[in-house]
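Colleague: Hey, got a minute to walk me through this one? I'm new to it and would like to start simple.

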2 protein chains.
Amino acid sequence: MLIQLNFKSGLPVYLQIVEQVKAAIASGILRPGESLPSIRPLAEDLRINRNTVAKAYAELENQGVIETAAGKGSFIKDSQTPYRKEVRRQLLAGAVDAAIVQAYHLQFTPAEVLELVRDRLGAFEQKNPGHALKN
Amino acid sequence: MLIQLNFKSGLPVYLQIVEQVKAAIASGILRPGESLPSIRPLAEDLRINRNTVAKAYAELENQGVIETAAGKGSFIKDSQTPYRKEVRRQLLAGAVDAAIVQAYHLQFTPAEVLELVRDRLGAFEQKNPGHALKN
DNA sequence: CATACTGTCATAGCACACTATGACAGTTGT
DNA sequence: ACAACTGTCATAGTGTGCTATGACAGTATG
């Protein structure tokens with residue numbers, strides 16, 4: 001599990017950690033049941049404060065991505081979102097809309113956007129067989 | 001020139017403006033010599049403070065993307081060349097991948113993702129007829 | 001010249017990201 | 001039990017993103 005921080009991006013460090021952990025799970029690098037690095041060593045590794053890592057983990061637990069217990073550590077949860085379908089759809093729509101705005105600025109046609117999405121979905125599926133995104 | 005802000009993303013608003021203006025230039029929507037919206041009207045439009053827009057423009061000028069003169073306005077510098085297709089594709093792929101990771105965590109199937117993308121593309125097209133995203 | 005636009009600067013206040021540090025509580029291994 | 005690990009909570013200080021507002025200067029238009 002490698003985490004790369006970009007201090008100039010403007011995106012809060014704790015959110016960068018959240019994103020990268022979620023991406024690692026999404027990509028199969030981290031699997032359900034596996035443990036995350038403990039807070040203090042990771043903070044030292046990344047040369048940031050303990051609280052920043054703790055905040056990232058708290059956010060991940062809040063999102064239902066990990067489970068954490070004082071004294072034991074933090075572990076990847078079996079991914080089962082507590083959200084209802086409509087809520088999940090709205091959440092995903094946000095990310096999709098961001099991509100569409102980007103596509104607009106970069107002058108892609110809807111057909112090209114769809115093709116690219118198909119492409120990326122395919123690449124993702126190939127790298128991570130057997131997860132929730134399979135057909 | 002359409003700018004869409006996401007207040008929950010954690011990315012500072014002024015940087016979102018910078019990014020989207022640069023993307024618009026990259027795609028050729030904004031051409032050298034053209035003027036940007038003036039600070040006050042744009043701020044009112046986006047319902048943010050004048051200073052936030054001013055900061056975005058200052059950053060753009062600092063990066064050499066635009067030229068700005070008190071009393072006249074802000075203008076795209078002529079040293080800009082639209083990115084090539086492959087570069088634009090990579091930029092878009094980043095946003096698409098972010099949405100796909102999100103979709104994984106929200107347990108959507110690829111088919112559902114594609115359907116949602118089609119949906120949002122349609123909604124966007126309906127709201128903004130005649131723009132670069134039309135087929 | 002006067003008015004209405006443009007960008008710029010200064011100040012003040014609020015929220016939050018991050019740091020720093022200390023203290024406490026649960027778990028594990030010896 | 002003890003030591004060494006785990007996460008958690010509290011407090012305080014710094015920096016900065018954003019808002020709000022007022023004042024000023026350059027430019028264009030009449």
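Colleague: What share of the contacts in chain A with a separation of 6 or more comes from residues 24 or more positions apart?

Modeller: That share is 46%. Keep in mind that this is a predicted model.

Colleague: Noted. How many helices and strands does chain A have?

Modeller: Chain A has 5 helices and 2 strands. Going along the sequence, the order is α-α-α-β-β-α-α.

Colleague: And what are its spans along the principal axes?

Modeller: The C-alpha trace of chain A spans about 50 × 35 × 30 Å along those axes.

Colleague: How much of chain A counts as buried?

Modeller: The figure is 40% of its 135 residues.

Colleague: OK, on to the two protein chains. How many residues are in contact between chain B and chain A?

Modeller: On the chain B side there are 51 residues, and they are in contact with 50 residues of chain A.

Colleague: What area is buried between them?

Modeller: About 5,300 Å² is buried between chain B and chain A, and carbon and sulfur atoms give 70% of that. People often describe an interface this way, by the accessible area lost when the parts come together.

Colleague: What about polar contacts and salt bridges there?

Modeller: Between chain B and chain A there are 8 residue pairs in polar contact, counting pairs with both residues at pLDDT 80 or more. The salt bridge count between these two chains is 6. On the chain B side, α1 (13-27), α4 and α5 each supply at least two residues that touch chain A.

Colleague: Which element gives the largest share of that side?

Modeller: That's α4(B), with 16 residues. Sorted by class, the side of chain B that touches chain A has 30 nonpolar, 12 polar and 9 charged residues.

Colleague: Can we look at the salt bridges themselves? How many does the structure hold over all chains?

Modeller: The total over all chains is 6. One of them is between the side chains of A:K85 and B:E112, at 2.5 Å from N to O. A:K85 is in helix α4 (residues 85-105) of chain A, while B:E112 is in helix α5 (residues 110-127) of chain B, so this pair joins two chains.

Colleague: Are those two residues buried, exposed or partly exposed? What are the values?

Modeller: A:K85 is partly exposed at 43% relative accessible area. B:E112 is partly exposed too, at 24%.

Colleague: Which residue does B:K85 meet in a salt bridge?

Modeller: B:K85 meets A:E112, with 2.7 Å from N to O. Here B:K85 sits in helix α4 (residues 85-105) of chain B and A:E112 in helix α5 (residues 110-127) of chain A, so the pair links two chains. B:K85 has 44% relative accessibility and counts as partly exposed. A:E112, at 24%, counts as partly exposed as well.

Colleague: Got another example?

Modeller: Sure. The side chains of B:D97 and A:R120 form a salt bridge at 2.7 Å, N to O. B:D97 belongs to helix α4 of chain B and A:R120 to helix α5 of chain A, so two chains are joined by this pair. Both residues are partly exposed: B:D97 has 27% relative accessibility, and A:R120 has 29%.

Colleague: Switching to the DNA. How many residues surround DNA strand D, and which are the closest?

Modeller: There are 22 residues around DNA strand D, and the closest are A:S38, B:V13, B:R50, B:T52 and B:K55. By class, the surface near the strand has 8 nonpolar, 9 polar and 5 charged residues.

Colleague: Which parts of the strand lie within 4 Å of the protein?

Modeller: Of those strand D atoms, 58% belong to sugar or phosphate, and the rest belong to bases.

Colleague: Any specific contacts I should click on?

Modeller: Try B:T52, where a polar side-chain atom lies 2.5 Å from a phosphate oxygen of DNA strand D. At A:G71, a polar backbone atom is 2.9 Å from a base oxygen of the strand. Then there's A:T68, with a side-chain N or O atom 3.2 Å from a sugar or linking oxygen of strand D. The elements giving two or more residues to the surface near this strand are α2 (39-46) and β1 (66-69) of chain A, plus α1 and α3 (50-62) of chain B.

Colleague: Which element gives the largest share near strand D?

Modeller: That is α3(B), which gives 4 residues.

Methods:
Residues numbered from 1 in each chain as written. Chains lettered and ligands numbered in written order. Heavy atoms only, no water. Salt bridge = Lys/Arg side-chain N within 4 Å of Asp/Glu carboxyl O. Buried < 20%, exposed > 50% of the residue type's maximum accessible area, 1.4 Å probe, protein only. Contact = heavy atoms within 4.5 Å. Buried area = accessible area lost by both parts, 1.4 Å probe. Polar contact = N/O pair within 3.5 Å; in protein donor to acceptor, adjacent residues only side chain to side chain. Nonpolar A, V, L, I, M, F, W, Y, C, P; charged D, E, K, R; others polar. Near = heavy atom within 4 Å.
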